[in-house]
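Biologist: I would like to learn how to read a structure such as this one, feature by feature. Could we have it in front of us before we begin?

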Amino acid sequence: MKKMINLLFFLASFSIFSQEKTVNDVKNNVENTISNATEVISITKILTIVVVIILTWGLMKLLDWFFKNLVKNFNRHRLKILRLQPIVKILVWTLAIYTLIITLFNPSAEAIYALMGSSALALGFALQDIVKNIFGGLLIILDRPFQIGDRINIKGNYGEVVNIGLRNTIVNTLDDNTVTIPNSAIISDSISNANSGALDCMVVVNLWLPINVDVTQIRKIVEEAAITSRYLNIDKPVTILFFDHFDDHAATKVLVKAYVLDARYEKLFEGDVTEASKKAFIEVGIYS
Amino acid sequence: MALLEKIQYSKSFLYKLFDIEEKKQVSVIEEAEEKIQLPEEYLERFTLYPIQNKEFLKNREEEFKSLEKAYENWKIVKSPLLVVDEPGEGGTSLLHASTYIYPNAKILETNQSIDSYKKLIGLLTNVLRISEEFKNLKDLEKFINASLEDEVIILENIERLFIRRIKGFDLLEDFLLFLHATKNKIYWIISINKYSFYYLNRVKFFASHFPSIIHLEPISKKQLKVEILDRNQGYQMVYLKPNKISKKIEKQLKKASTEERQNILEDLFFKNMSAFAKGNISKAILYARNSAYNVKLKTVFIKPIHIKRVDDLSLNELFILEAIFQHRSLSIKELNIVLRNSDRQSRLSIEKLLERELIRPTSTVNGKTQYRVNLMYLDILKDLLRERLNRKFR
């Protein structure tokens, strides 16, 4: 009986002791977890994230506004200014992300390498297209096949580049349509650039005339139509070319190659030269 | 550039950068009411007219030397001379005063466009005192080469011979052919406006016709000051504090005695005037005239004027101004031709520019009204054309 009582007493005390230990362990674990969690997600850190994001967003908006006004007020240097815009914006984003990582995690070099390795793998599978576009965007900015303000033809869309983003490039066509083209598509396609960073660009005006025209007279008319146009960049040459065509019916094709003072007036220049030439052709009896 | 102007410029630059609207100018009507009418006797001293005598034309020694040398060259190589000047720079005065080199020189000047062969032949026969009538320039050329003795002709503003339109260069080109054909008999001295020269040089390689070209140099600040002081002779000049002044000068003025104060304000006035005129005598005269605030008996009160900025012109208005620059002056009809505009469009734009005093009307001999750029805005408008129309002229 005495043995039994001792055993019971032993079991009861063991059970109480083990419960107390478990409770203590659990308590310790919870305390540790909370302590770790507060270390990782502290109010200070949350505030830091919010402040950095708000500041970055605000800075982006400020930059957009600032560049827009620079372009408006310093028209002559428009393209140079616009060239800077995507570079500055990417720098700001990079700085913001860097600040967040350093402030929140302060990772060691090994941790960064490990993170980069694993995230590259994960991103490679999950965000394949986005990553392609981002690298495409970086390539466009570094390689510079075109700049904001250039007039390009990509995948049949001809117009002015209005924005080069990390994912997409936006082109405003001559019909005032906004075309968004993924950067990955741009780097894998051929692009024609009409002005390559210059304010002016060459405009080719096509004029069709009867086959038997007096080319000397026509040359004089179209050349003067170009050099008297208000939109002409007078610092660059005007070239006139003649071609005979015998496709459906015989005709003389006249090409007027001249530079417009600002790529934005390309179509106005083309129209002006065509209109003036046509009036002169009617005057001399080439058109009736 | 004066400190005050630098500050003003920086302020405007920052305003422009951040797209902040500057304070609006006082309305034109108010300004007109505030303006005190000055006596005619005083204003006449500031009338712009060409000087005829070398003795009165200061600071042009280098140009006179070049003109003498060019004439000596013509005697050997028979090459014509081109003088490139800016409106108001004194090109006409230089050419008129240069007649001491060739006293029998005939001056052909016209304030209207020469738009037909008949008009040109008429002017040439008139100046050469030829009584015969000629159907074309070729006949006149033959007559000159066959019967005329050596002559010197000064033809001013050759830009009057072209109009920016299809077939608008024919007369000018034929005249250049005539000039080359008669250069053995006639020493041609041609003058052209700087902007017309820039345009014609680009589109028609104009300069290549002239082995000798003289570009007028800006007149020194010292000489400009002398010219203005001369025009105020007999009047006591009292300098008033301008409306806009830097704090530094404001402090200097507070500390200074009355005499010192006048010296500071005098320096400030002439500094502002030189910065505005940039060596252009007519602009300096206009600046001084517009700065004359009041005249009482024999005392003139001078308050430096502030030239307002112009940066809100439309593209069409800029094209109109450029066309006027290229032709020196244009009538509404000519403007319609040059810009391929309708009459109504041109009139409306001209009215707007007139209201802002950027251009001013002038009457020709036959009573037609032509419009030319207001000299007070010459540089501002040239800068605008450079900036907005991507033109590369100096």
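Biologist: Which residue is the bridge partner of Y239(B) in β8(B)?

Modeller: Please keep in mind that this is a predicted model. As a general idea, strands of a sheet pair through backbone hydrogen bonds, either parallel or antiparallel. In the case you ask about, Y239(B) has I302(B) as its bridge partner, and the two strands concerned, β6(B) and β8 (residues 299-302) of chain B, pair in the parallel sense over four bridges.

Biologist: What is the order of the strands in the open sheet that holds β6, β7 and β8 of chain B, and which are the edge strands?

Modeller: The order is β6-β8-β7 in chain B, an open sheet of three strands with mixed pairing. The edge strands, each pairing on one side only, are β6 (236-239) and β7 (292-296) of chain B. Direction ignored, neighbouring strands of this sheet are turned by 20° against each other on average.

Biologist: How should I read the open sheet with β9, β10 and β11 of chain B, and why is one side of β9 and of β10 left without a neighbour?

Modeller: This open sheet of three strands runs in the order β9-β11-β10 in chain B, and its pairing is antiparallel. Because β9 (329-330) and β10 (359-363) of chain B stand at the edges with a single partner strand each, one side of each has no neighbour in the sheet. Strand β10(B) pairs with β11 (residues 369-373) of chain B in the antiparallel sense over five bridges, and within that pairing P361(B) has Y371(B) as its bridge partner.

Biologist: What do β3(A) and β4(A) form, and how many residues lie between them?

Modeller: They form a hairpin with four residues between the strands, and the strands pair in the antiparallel sense over five bridges, with I170(A) standing opposite T180(A) in β4(A).

Biologist: What should I look for in phi, and where is D176(A) found?

Modeller: The general idea is that most residues other than glycine have a negative phi. D176(A), found in the loop between β3 (168-173) and β4 (178-182) of chain A, has a positive phi near 65° and is not a glycine. Since 7 other C-beta atoms lie within 10 Å, D176(A) is exposed. In chain B, E357(B) also has a positive phi, of about 65°, although it is not a glycine; this residue lies in the loop between α16 (343-355) and β10 of chain B. With 13 other C-beta atoms within 10 Å, E357(B) is partly exposed.

Biologist: Why does the length of helix α7 of chain A agree with what it should span?

Modeller: A helix should span 1.5 Å a residue, so the 13 residues of α7 (residues 215-227) of chain A should span 18 Å, and the end C-alpha atoms are indeed 18 Å apart. Among the buried residues of α7(A) are I218(A), I221(A) and V222(A). The buried residues of this helix pack against β6 (201-209), β7 (239-245), β8 (251-260) and α8 (266-283) of chain A, together with α9 of chain B.

Biologist: How many residues of chain B are in contact with chain A, and which elements give two or more of them?

Modeller: In chain B, 21 residues are in contact with 21 residues of chain A. The elements giving two or more residues to that side of chain B are α1 (3-17), α9 (194-204) and α17 (378-389). By class, this side has nine nonpolar, two polar and ten charged residues.

How values were computed. Residues are numbered from 1 along each chain as its sequence is written. Chains are lettered from A and ligands numbered from 1 in the order in which they are written. This is a predicted model: local features need pLDDT of at least 70, side-chain atom pairs count only at pLDDT 80 or more; totals for chains, interfaces and linings use all residues. Two strands pair if DSSP finds at least two bridges between them. Axes are lines fitted to C-alpha atoms, for helices over the stretch in contact, and angles run from 0 to 180 degrees between N-to-C directions. Two residues are in contact if their C-beta atoms, placed from the backbone, lie within 7 Å. Ala, Val, Leu, Ile, Met, Phe, Trp, Tyr, Cys and Pro count as nonpolar, Asp, Glu, Lys and Arg as charged, and the others, Gly among them, as polar. The expected span of a helix is 1.5 Å times one less than its number of residues. A residue is buried if 20 or more other C-beta atoms lie within 10 Å of its own, exposed if 12 or fewer, and partly exposed in between; C-beta atoms are placed from the backbone.
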